[in-house]
Amino acid sequence: MLHPGDTMTSEERLQAVINLQVPDRVPSCPFIYYFSAFYAGISVHELWSQPGKYRLAMDRCYRDLGPWDVYYPVNPLRPELYTFIMPMKAKWPGIDLPPDSICQLLEEEIMKAEDYRWISELAQRIPKLTYIPFFMRMISRAWDDIGEDPRGYAFILSRLVAHLANWRYEFELMKKRGVTTLYGFLPEAAFDTFSLARGFLEFARDLKKRPEEIAAAADDLTEGYLFICRLVCFLMGIKRIEIFVHRSSTDFISPETFRKLSLPSLKALVEKLVAAGIAPILHCDGNWDMNLEALRELPAGHCVIQFDGPTDIFLAKQVIGDRVCIMGDVPSDILALGSPMEVDEYCHRLIEEVGRGGGYIMGAGCEIPPNARAENVKAMLDSVTKYGYYDREG
Amino acid sequence: MDEKLVRAMGDLDEEGVLSSVEAMLSAGTEPLHIVELCREGFEIVGKRYETREYFLSGLIISDDIFENVLGLLDRSGCFQAVEEEKLGKVILGAPLGDVHDIGKGLVSQLLRYSGYEVIDLGVNVRPAGFVEAAAESGATVVGISTLITVAYESLRETVLGFQHEGLRESVKIMLGGGAVSQRVCEYAGADAWSRDAADAVKFTKAFIGKE
């Protein structure tokens, strides 16, 4: 047990909240990546390029600021693998940017309009294997030195295997200290993938000119997504998948577009994952207030939704709290500029309101910001033992 | 016909807009009048964006429609761009360390259609870049858009830069983007903030005092 008052392991606690049961206390899951480099005094370049230094940095955060219940792994072993999830060109610290910068994604068109049809054709031929050829095509356009050819495939797949082996090792280390891992793989939802790979300007035009092609291609990728999710879950020994949904909020598209073009393929994937015994964790960036009702269509008692701040998480609890577990959303600006007391107050409210009756995971609104104050991160993690025991609340 | 064009623009009905423009050109309507009607239609688009009837994708489409109208007018051979008097100058940019520019582009579009001259400095702009641009252009409003929290220091340094150069009193600074908040606005010492692009136009109108 992580804390003297605990009566459940971290894994039991996480499973309880996903199933909308009341655990012994609110679990904590900080999305820590860049912050660990700044906190441990290493460069971001070292963080992503040297797994040993990454582990030391995370270890230092855990020892000084933790413990936490759930490990949120986002560290790609190689930058090319980032494109295997989010098909965008990027600037990397230590390569294109100063070593202490954070990675920056570029809004450029790497997917062509004709690729929607190509995806659908591909899915006709090899429905379960669409993910890899699609992403290989995107990778070859994002990286000049990687081709869409056997050599390119060998390059990416060998690095993917090394990455997964590294993750598996890290997950075991976490497990030994009583920490469970949030997920085994983290794809971007198909609709949102197109938005990223097309660049939003072109994608907005696509929404007007070829909505049917977008919906069909997203739908046609479902089997391919399912196949790779199941495979990686099996390899990682974690039956949970994070699905990034970066571009379906009303920051980008209307609720009507979400319902018509984004939700169907997302829902299909979520339902198939649930049927396969895999719990989906949706990382919903942006404002989802107007889409909350639509999210009720997701299967009850199997999913987590993480909100990153713009969504009213307290409203979300009212609208979908009986259907999905909610995670988040300590705001970045409080973590970076606020005081521990302010963090404590906000976390207390989260636990009291969003955590009422279970179905809640304490976390930041998206990632712990790189420039978060360490004492604020600690206040956030401490709040689950200070306020989060259900038996103490009665 | 005027009302039809304004309504079509407001409804993002590209076909309706272009057919109206063609008909008006055939009837000898002044191209500048057509541009003015499109602008009226764009105001409807802006209002619908504010009331969350339209979203970012709709604004992008409205920009495309307007560009197509300008192309039609240009091809008609009877359109001579006339330099209109602008309501004021606004400098826009993403701060040092930030390369995101969708939000900034959107604000630029809204401001331009609202009659302001926009000087877009692009992304990754160092603090002195904003100060120098304002000093050179005489702009009285500066908008800085960021999506990353590590840019907070850069925002603060930018505001301090204006103070050091004695320009702080004459320049209003507004912050936008997903990483800003009241707390960030106070930390940086800026004058206004919003995560909503449409608010940039409201702030600018209030700062400059002209509509």
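**Exercise 1. Strand E5 of chain A**

Which residues of E5(A) lie on one side and which on the other, and are they buried or exposed?

*Solution.* The model is a predicted one, and the strand is taken here residue by residue. Step one is to divide E5(A) into its two faces: Arg240(A), Glu242(A) and Phe244(A) lie on one side, while Ile241(A), Ile243(A) and Val245(A) lie on the other. Step two is to ask about burial, where a residue counts as buried if 20 or more other C-beta atoms lie within 10 Å of its own. By this criterion the residues of both faces are all buried, in agreement with the count for the strand, residues 240–245, in which six of six residues are buried.

**Exercise 2. The partner of E5(A) and the connection to it**

Determine how E5(A) pairs with strand E6 of chain A, and describe the unit that the two strands make with helix H13 of chain A.

*Solution.* Begin with the pairing: E5(A) and E6(A), the latter comprising residues 279–284, pair in the parallel sense over six bridges. To fix the register, take Ile243(A), whose bridge partner in E6(A) is Leu282(A). Then follow the connection, in which helix H13 of chain A, residues 255–275, joins with E5(A) and E6(A) in a β-α-β unit that is right-handed.

**Exercise 3. The sheet of chain A**

Give the strand order of the open sheet that contains E5(A), explain why its edge strands each have a side without a neighbour in the sheet, and place two helices that pack on the sheet.

*Solution.* The five strands of this open sheet follow one another in the order E5-E6-E7-E8-E9 in chain A, and their pairing is parallel. At the edges stand E5 and strand E9 (360–364) of chain A, each of which has a single partner strand, so one side of each is left without a neighbour in the sheet. From one strand to the next the twist averages 20 degrees. Moving inward from E5(A), one finds that E6(A) pairs with strand E7 of chain A, residues 304–307, in the parallel sense over four bridges, and that within this pairing His283(A) stands opposite Gln306(A). Helix H15 of chain A, residues 313–320, packs on the sheet by touching E7 and strand E8 (325–330) of chain A, and its direction makes about 175 degrees with that of E8(A). Helix H17 of chain A, residues 340–354, also packs on the sheet, where it touches E8 and E9 of chain A and makes about 165 degrees with the direction of E8(A).

**Exercise 4. Chain A as a whole**

Explain why the radius of gyration of chain A agrees with that of a compact globule, and add what is known of its composition and contacts.

*Solution.* For 394 residues a compact globule would have a radius of gyration near 21 Å, and because chain A has 20 Å, the two agree. Along the principal axes, the C-alpha atoms of chain A fill a box of roughly 60 × 45 × 35 Å. The chain contains 19 helices and nine strands, and buried residues make up 52% of its 394 residues. Of the contacts in chain A with a separation of 6 or more, 73% are between residues 24 or more positions apart.

**Exercise 5. Strand E1 of chain B and its sheet**

Describe the burial of strand E1 of chain B, then its two neighbours and the sheet to which the strands belong.

*Solution.* E1(B), residues 89–93, is mostly covered, with five of its five residues buried. Lys89(B), Ile91(B) and Gly93(B) point one way and Val90(B) and Leu92(B) the other. Towards strand E2 of chain B, residues 117–120, the strand is joined by four bridges and runs parallel; here Lys89(B) stands opposite Glu117(B), and Ile91(B) has Ile119(B) as its bridge partner. The chain crosses from E1(B) to E2(B) through helix H5 of chain B, residues 102–113, in a right-handed β-α-β crossover. Four bridges also join E1(B) to strand E3 of chain B, residues 141–145, again in parallel, with Gly93(B) opposite Ile144(B). The whole is an open sheet of five strands in the order E2-E1-E3-E4-E5 in chain B, with parallel pairing, and its edge strands are E2 and E5 (192–194) of chain B, each pairing on one side only.

**Exercise 6. The contact between the chains**

State how many residues each chain gives to the contact, and characterise the side that belongs to chain A.

*Solution.* Chain A gives 27 residues and chain B gives 21 residues. On the side of chain A, the elements that give two or more residues are strand E3 (104–106), helix H10 (200–209) and helix H16 (332–337) of chain A, and H10(A) gives the most, with six residues. The residues on this side of chain A divide into 13 nonpolar, eight polar and six charged.

Key
Residues are numbered from 1 along each chain as its sequence is written. Chains are lettered from A and ligands numbered from 1 in the order in which they are written. This is a predicted model: local features need pLDDT of at least 70, side-chain atom pairs count only at pLDDT 80 or more; totals for chains, interfaces and linings use all residues. A residue is buried if 20 or more other C-beta atoms lie within 10 Å of its own, exposed if 12 or fewer, and partly exposed in between; C-beta atoms are placed from the backbone. Two strands pair if DSSP finds at least two bridges between them. A crossover is right-handed if, with the strands pointing away from the viewer, the path from the first strand over the helix to the second runs clockwise. Two residues are in contact if their C-beta atoms, placed from the backbone, lie within 7 Å. Ala, Val, Leu, Ile, Met, Phe, Trp, Tyr, Cys and Pro count as nonpolar, Asp, Glu, Lys and Arg as charged, and the others, Gly among them, as polar. The radius of gyration is taken over C-alpha atoms; the globule rule is 2.2 Å times the number of residues to the power 0.38. Axes are lines fitted to C-alpha atoms, for helices over the stretch in contact, and angles run from 0 to 180 degrees between N-to-C directions.
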